[in-house]
Amino acid sequence: MTRNEFDLIRDYFARQPVKRRDVALGIGDDCALVEVPEGCQLVVTTDTLVEGTHFLPTASASDVAHKALASNLSDLAAMGAMPAWCSLALTLPEPDDAWVAGFCQGFAALAEHFQVQLIGGDTTRGPKSITITLHGHVPKGQALTRAGAKPGDWIFVTGTLGESQAGLDYILGKTVVDKARATTLINRHYRAQPRVTAGQALRGIASAAIDISDGLHADLTHILTASGVGAKVDVAQLPLSEALLADQASVEQAQKLALTSGEEYELCFTVPELHRGTLDTALKHSGVSVQCIGQITGNHRLELVADNQPLDWVLSGWDHFKEPHRDGS
């Protein structure tokens with residue numbers, strides 16, 4: 001019997017485990033109906049993953065699903081929002097039960113962790129791609145944005161940086177590492193943990209925030225542009241993991257990777273001196289480490305320094321229309 005989109009929706013997507021009380025009408029009608037909490041603003045983000053650009057044809061469906069949803073969750077984390085509902089547009093060359101089953105397993109696990117309900121979407125035939133629109137909410141007037149950083153604010157990042165690109169380099173056969181480190185790096189590339197709890201804790205503390213999806217250097221520049229400021233970053237303060245340092249030929253190479261690695265899904269944010277003392281307390285229950293890497297300046301440029309001496313490194317972030325495929329040829 002030929003499978004069609006309605007079979008896939010019925011057998012897989014309509015059976016997702018999360019059922020929220022604020023969903024009045026979910027999968028099965030022309031639109032979904034949800035209840036936005038009183039006193040909150042709706043936060044909406046959309047991301048697309050395309051085979052050959054964002055994931056290899058050999059990538060497991062479960063990993064692809066995790067990565068697709070994590071990228072959206074990370075956007076909401078950067079705004080300090082609470083994730084709630086999502087829609088999914090899935091394009092496949094042909095119905096593939098085994099692939100869809102694996103995809104739903106990875107999707108459901110992450111969605112259940114953050115209590116995100118799948119409320120609708122679309123399936124169609126074509127080159128394999130996944131588009132997710134994620135909705136959340138944030139108390140009115142409390143959303144974090146890229147604009148708001150002021151000279152004197154301190155610059156922080158969560159977690160460690162550089163491992164996503166190192167994982168991709170291993171996947172593409174560009175590096176050779178031992179099995180334990182390979183597993184760590186691959187998981188950092190495909191199974192990043194979006195900093196949703198940390199983002200919510202930063203409301204009222206951070207003056208600006210962004211998630212690191214195109215590389216720290218590029219994404220911090222977005223904050224500087226939106227805020228009309230500059231920054232000085234001490235590369236010696238970049239948080240580097242032991243796995244990354246062991247994988248790279250030098251500390252400098254690891255630092256450059258930390259500045260340019262995309263799809264990290266960590267947070268970069270700025271904190272005024274007034275709130276710096278409350279940061280550790282606010283993040284105590286988030287399970288996330290943070291590192292101060294520099295300070296906002298008024299000179300409208302991003303300056304990299306080591307031992308307080310300027311560096312002339314030429315760096316660039318990810319651009320979907322200029323760069324070669326991230327996970328493909």
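How many bridges join E8 to strand E10? Four bridges do so, and the two strands run antiparallel. The model under view is predicted, and the tour begins at this pair of strands.

**First stop: the seven-stranded sheet**

Select E8 together with residues 267-271, which make up E10. Within this pair, Asp211 has Leu267 of E10 as its bridge partner. Then extend the selection to the whole open sheet, whose seven strands follow the order E8-E10-E7-E11-E9-E12-E13 with mixed pairing. Strand E8 (208-211) and strand E13 (309-310) each have a single partner strand and stand at the edges, so one side of each is left without a neighbour in the sheet.

Next, add residues 216-227, helix H7. This helix lies across strand E7 (154-158), E8, strand E9 (230-234), E10, strand E11 (290-297) and strand E12 (302-306). Relative to E8, H7 runs at about 145°.

**Second stop: helix H2**

Select residues 61-78 to display helix H2, which lies across E8 and E10 and runs at about 175° to E8. Between its first and last C-alpha, this helix of 18 residues reaches 26 Å, close to the 26 Å expected at 1.5 Å a residue. Colouring by relative accessible area is instructive here: 18 of the 18 residues of H2 are buried, so the helix is largely enclosed by the rest of the structure. Gly80 follows H2 and has a positive phi, near 75°.

**Third stop: the four-stranded sheet**

Now display the open sheet with the strand order E3-E6-E4-E5, in which the pairing is again mixed. Strand E3 (40-50) and strand E5 (117-125) are its edge strands, each pairing on one side only. From one strand to the next, the twist averages 15°.

Focus on E3 and strand E6 (residues 129-139), which pair in the antiparallel sense over eleven bridges. Along this pairing, Val44 stands opposite His135 in E6.

With this sheet still selected, restore H2: the helix packs on the sheet and touches E3, strand E4 (82-92) and E6. The direction of H2 makes about 145° with that of E3. Residues 97-113 form helix H3, which also packs on the sheet, with E4, E5 and E6 as the strands touched. The angle between the directions of H3 and E4 is about 165°.

**Last stop: the annotated span**

Finally, select residues 28-136, which an unreviewed UniProt entry annotates as "domain: PurM-like N-terminal". This span is 32% helix and 38% strand, and its end C-alpha atoms lie 21 Å apart.

Note on methods:
Residues are numbered from 1 along each chain as its sequence is written. This is a predicted model: local features need pLDDT of at least 70, side-chain atom pairs count only at pLDDT 80 or more; totals for chains, interfaces and linings use all residues. Side-chain values use heavy atoms; hydrogens and water are left out. UniProt positions are given in the numbering used here, feature names are shortened, and annotations may be inferred rather than shown by experiment. Two strands pair if DSSP finds at least two bridges between them. Contact means heavy atoms within 4.5 Å. Axes are lines fitted to C-alpha atoms, for helices over the stretch in contact, and angles run from 0 to 180 degrees between N-to-C directions. The expected span of a helix is 1.5 Å times one less than its number of residues. Buried means under 20% relative accessible area, exposed over 50%, partly exposed in between (1.4 Å probe, protein chains only).
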